[in-house]
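User: I would like to learn how to read a model of this kind feature by feature. Could you take me through the general idea each time and then through the case at hand?

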Protein chains: 2
Amino acid sequence: MTWLCRRLRPHHMKAMAIKKSLGADALKLDNQLCFALYAASRAMTAAYRPLLDALGLTYPQYLVMLVLWETGGSTVKDLGVALRLDSGTLSPLLKRLEALGFVARRRSADDERVVEVVPTEAGTALKQRALSIPHELACRVGLNERDIAALRAELHRLENTLSMS
Amino acid sequence: MTWLCRRLRPHHMKAMAIKKSLGADALKLDNQLCFALYAASRAMTAAYRPLLDALGLTYPQYLVMLVLWETGGSTVKDLGVALRLDSGTLSPLLKRLEALGFVARRRSADDERVVEVVPTEAGTALKQRALSIPHELACRVGLNERDIAALRAELHRLENTLSMS
DNA sequence: CACAATTTAATTGTGTACAATTGAATTGTC
DNA sequence: GACAATTCAATTGTACACAATTAAATTGTG
């Protein structure tokens, strides 16, 4: 991989960038954006875990409750759109939330295919205990409001770019 | 949630930020950095899937192979340190990689507790077919080299901050 | 040396993710 | 109004993640 290096001068940075993207470093773990994302996402979930344990929720269950608190009730399909999850993930997850007493499920009267998911009284009450979580996490991440918003926007852009075809 | 708004003037932005972090929007799904991370990470994995299918690897298996290509061989423990995964995840994953013929496992002669993991010839050969993947993904993410590096660095910082203590 | 504490991988059990299939309900088209 | 195509949720099967436990090997200490 040294066949070009001998010729390189400062104004050949573009050539170096090309070389790098095709070269030995391209497969290095710590150069992968995908791994930085994967590791950061799991670290974030781990940071939520002790707080959510106190509520009796897992992290994906918490995301479902966020949607239900925001909407007052949804369908399996709309939860899937909001959270980018399919029924293969949501059906058993919602069954567990129902067993915990946090949501109720019923077939829609209008359309028997649709299952409506509504927070129970206990599920709604849980929101008060969750109110302090975002602030606690914001402290943990060590970024100010503006930087958090910027990173969030960047990640939303990235997700949109990746998920279109 | 309107008890303070009446008094707000432009120079009270800090008060608004505090209000927001404790207010109704704090639990909105799309305001969560955690969800932006979670969704982007899954979208990234989904973008890798068709490319890795061609190699017969899942995404976590690909990460293991990245480490093995880089090091020439590792141990279960060191793979866990590199990938932030424990033996509960790695043991069955490595068993599958072994069944696929991409790695070999053997107890260390020095220390019988340690299991060494080495790429087989087929596993090493796979690297050539993976060389084009980083570039293909870089095109998909729609960011230039500099922005990718900046986002990667920001995510590494975030992971480190979250995982300490 | 004895032996308690530690390290290392594997195992067990729970809960996601996601592809593929199934089956029931609805919609579009003639 | 039949009926093919579509939509929706659930199920099945595979593969992570991760907490907790187990068991073997090694290290540290008196």
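Analyst: Let us begin with confidence, since this is a predicted model. Chain A has a mean pLDDT of 90, and 85% of its residues reach 70 or more.

User: Over which residues of chain A does pLDDT stay under 50?

Analyst: The general idea is that, where pLDDT is low, the predicted coordinates should not be read in detail. In this model the stretch concerned is residues 1-11 of chain A, where pLDDT stays under 50 and for which the model has six contacts beyond four places in sequence.

User: What rotation superposes chain A on chain B?

Analyst: The idea here is to describe how one copy is carried onto the other. Chain A is superposed on chain B by a rotation of 180° with 0.0 Å of shift along its axis, at an RMSD of 0.0 Å. That is the relation of a two-fold axis.

User: How many residues does each chain bring to the contact, and which elements of chain A take part?

Analyst: An interface can be read by counting residues, then by element, then by class. Chain A and chain B each give 50 residues to the contact. On the side of chain A that touches chain B, two or more residues come from each of helix H1 (13-22), H2, H3, helix H6 (121-130), helix H7 (133-141) and helix H8 (145-163) of chain A, and H2(A) supplies the largest share, 14 residues. By class, that side of chain A divides into 33 nonpolar, seven polar and 10 charged residues. Of the interface residues of chain A, 100% are also interface residues in chain B, so the copies meet through the same surface.

User: Which residues are closest to DNA strand C, and which to DNA strand D?

Analyst: The same reading by count, element and class serves for a surface near DNA. Around DNA strand C there are 27 residues, the closest being A:Gly88, A:Glu112, B:Val76, B:Lys77 and B:Gly88. Helix H3 (59-71) and H5 of chain A, together with helix H2 (33-53), H4 and H5 of chain B, each give two or more residues to that surface, with the largest share, five residues, coming from H5(A). Its residues divide into eight nonpolar, nine polar and 10 charged.

DNA strand D is surrounded by 26 residues, of which A:Lys77, A:Ser87, A:Gly88, B:Gly88 and B:Glu112 are the closest. At least two residues each are supplied by helix H2 (33-53), helix H4 (76-83) and helix H5 (87-99) of chain A, and by helix H3 (59-71) and helix H5 (87-99) of chain B. The surface near DNA strand D has seven nonpolar, nine polar and 10 charged residues.

User: What is the sign of phi at A:Arg84, and is this residue buried or partly exposed?

Analyst: A backbone angle is best read together with its setting. Phi of A:Arg84, a residue other than glycine, is positive, near 60°, and the residue sits in the loop between H4 and H5 of chain A. A:Arg84 counts as partly exposed because it has 15 C-beta neighbours inside 10 Å. In chain B, phi of B:Arg84 is likewise a positive value near 60°, and B:Arg84 lies in the loop between helix H4 (76-83) and H5.

User: In which sense do the strands of chain B pair?

Analyst: In a regular strand the side chains alternate between the two faces of the sheet. In chain B, strand E1 (residues 74-75) and strand E3 (residues 115-119) pair in the antiparallel sense over two bridges, with B:Thr75 opposite B:Glu116. Strand E2 (residues 103-107) also runs antiparallel to E3(B), joined by five bridges, and B:Glu116 is the bridge partner of B:Arg106.

Note on methods: Residues numbered from 1 in each chain as written. Chains lettered and ligands numbered in written order. Predicted model: local features only at pLDDT ≥ 70, side-chain atom pairs only at ≥ 80, totals over all residues. Near = placed C-beta within 6 Å. Helix = DSSP H or I, 4+ residues; strand = E, 2+ residues; numbered from the N terminus. Nonpolar A, V, L, I, M, F, W, Y, C, P; charged D, E, K, R; others polar. Buried ≥ 20, exposed ≤ 12 C-beta atoms within 10 Å, placed from the backbone. pLDDT = per-residue confidence, 0-100. Contact = placed C-beta atoms within 7 Å. Least-squares fit on C-alpha atoms with pLDDT ≥ 70 in both. Pairing = 2+ DSSP bridges.
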